[in-house]
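Trainee: Got a minute to go through this one with me? I'd like to start with the charged pairs.

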Amino acid sequence: MSVKSSISLTDQQDAFARSLVETGRYSSLSSVLQQGLELLRQKTEAEAAETEGLRRLIQRRVDGPKIPAQEMEERIESMIERKQRAPRVEP
């Protein structure tokens, strides 16, 4: 099912869309706009999924076990010492 709609484009947007039709990449201006909206929908859904994933990760961290600051500092110092002792690999 399709719905007719009236939209406004800038001169630059109109020229770009028409060039895509003229070069044969799309069959009509409607096709160009439909593809653009589909890409925007996909991007919006991907961003929402990423945001939800980050929220879940943060919540797991908040709900998870806590490490005292002193222990964390000791772990970091230990990692730094191991890295400094490790032999360097030249590319």
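Trainee: How many salt bridges does the count come to?

Mentor: The count comes to 6 salt bridges, each being a side-chain nitrogen of Lys or Arg within 4 Å of a carboxyl oxygen of Asp or Glu. This is a predicted model, in which local features need pLDDT of at least 70, side-chain atom pairs count only at pLDDT 80 or more, and totals for chains, interfaces and linings use all residues. Residues are numbered from 1 along each chain as its sequence is written, and side-chain values use heavy atoms, with hydrogens and water left out.

Trainee: Which residue does R18 form a salt bridge with?

Mentor: R18 pairs with D14, and their closest N and O atoms are 3.0 Å apart. The two are 4 residues apart in helix 1, so about one helical turn separates them. Helices are DSSP runs of H or I with at least four residues, numbered from the N terminus.

Trainee: Is R18 buried or exposed?

Mentor: Neither: R18 is partly exposed at 39% relative accessible area. Buried means under 20%, exposed over 50%, and partly exposed in between, with a 1.4 Å probe and protein chains only. D14 is partly exposed too, at 24%.

Trainee: What about E38, which residues is it linked with in a network?

Mentor: E38, R41 and E45 are linked in a network of salt bridges. Between E38 and R41 the closest N and O atoms are 2.3 Å apart. Those two sit 3 residues apart in helix 2.

Trainee: Switching to pockets. How much space lies in the largest pocket?

Mentor: About 340 Å³. A pocket is an open set of points on a 1 Å grid over the protein atoms alone, where a 1.4 Å probe fits, with protein on both sides within 12 Å along at least five of seven lines; lining residues have an atom within 4 Å of a point. The volume is the space filled by probe spheres set on the points, which are joined across faces, edges and corners. Among the lining residues are S2, K4 and L37.

Trainee: And which element gives the largest share of the second largest pocket's lining?

Mentor: Helix 2, with 6 residues. That pocket holds about 190 Å³. Its lining has 9 nonpolar, 3 polar and no charged residues, where Ala, Val, Leu, Ile, Met, Phe, Trp, Tyr, Cys and Pro count as nonpolar, Asp, Glu, Lys and Arg as charged, and the others, Gly among them, as polar.
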